[in-house]
Each structure stands twice: as structure tokens, then as C-alpha cells.
Amino acid sequence: MNEDFTQKLRALEMQFLELGMMVNVAVYRAVQGFTNHDKRLAAEVIAGDQQVNARQMQLEQKCLELIALGKPMASDLRR
């Protein structure tokens, strides 16, 4: 695997971890809002969902670009 591809793959991995943390926080807040009947918190979670969805779309696009432009080998894709 070439170094540039490896660096881009690691950067994507970190961004996926950040997205996972965003989702984890959103789920926690959603449960808190539900159990406490907190409509304000529920509305905040719903509003923040657009940001999570946008981040997901960005990451999917970056993955596609990396595959298309990085010319990875089969072993790279398995990783």
C-alpha cells in the first residue's frame, strides 16, 4: 500500500470514529430526552440529526474518491 493511500485511509478512520462519537452522544441525549420527557432536548437531537447525516454523506463521498483516485489493490480494499 502506498504511503499517501495509507495516510488518507487513516484520516478516514479517524473521521468515522468522530462520526461514531457524534451518533453515540445523539443517542444518549435522545434517551435522556425520552426518559425525562424533555421536549427541548428531543428537538435539539432532531435538529442535530441533519449534521450527522451531512457528515455521513461527506465520509461516503471521501471513501468513493479514495477508491476511485487511489487505485487501491485488492489487499488494500480488504483492509
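These are my notebook entries on the fold, the helix packing and the core of this chain.

**Entry 1: the model and its elements.** I note at the outset that the model is predicted. I looked up the secondary structure and found 3 helices and 0 strands in the protein chain. Read from the N terminus, the order of elements is α-α-α.

**Entry 2: the helix pair.** I next examined how H1 and H2 are placed against each other. Their axes lie 10 Å apart, and the packing angle is about 165°. Angles over 145 degrees count as roughly antiparallel, and H1 and H2 are therefore assigned to that class. I also recorded the hand of the crossing of H1 and H2, which is left-handed.

**Entry 3: the core.** Which residues make up the largest nonpolar core? I listed 6 residues: Phe5, Leu12, Leu19, Val52, Leu59 and Leu66. I then checked which elements supply two or more residues to this core, and found helix H1, spanning 3-35, and helix H2, spanning 39-70.

**Entry 4: burial and surface.** I looked up how much of the chain is buried. Of its 79 residues, 15% count as buried. For the accessible surface of the protein chain I noted a total of about 6300 Å². Carbon and sulfur atoms hold 60% of that surface.

**Entry 5: contacts along the sequence.** Finally, I considered the contacts in the protein chain with a separation of 6 or more. I recorded that 74% of these are made by residues 24 or more positions apart.

Methods. Residues numbered from 1 in each chain as written. Predicted model: local features only at pLDDT ≥ 70, side-chain atom pairs only at ≥ 80, totals over all residues. Heavy atoms only, no water. Core = buried A, V, L, I, M, F, W, Y, C linked by side-chain atoms within 4.5 Å. Buried < 20%, exposed > 50% of the residue type's maximum accessible area, 1.4 Å probe, protein only. Helix = DSSP H or I, 4+ residues; strand = E, 2+ residues; numbered from the N terminus. Contact = heavy atoms within 4.5 Å. Areas by Shrake-Rupley, 256 points an atom, 1.4 Å probe, with all protein chains shown as cover. Axes fitted to C-alpha atoms, helices over the stretch in contact; angles between N-to-C directions. Parallel < 35°, antiparallel > 145°, perpendicular 65-115°, else oblique. Left-handed = near helix turned anticlockwise from the far one by under 90°.
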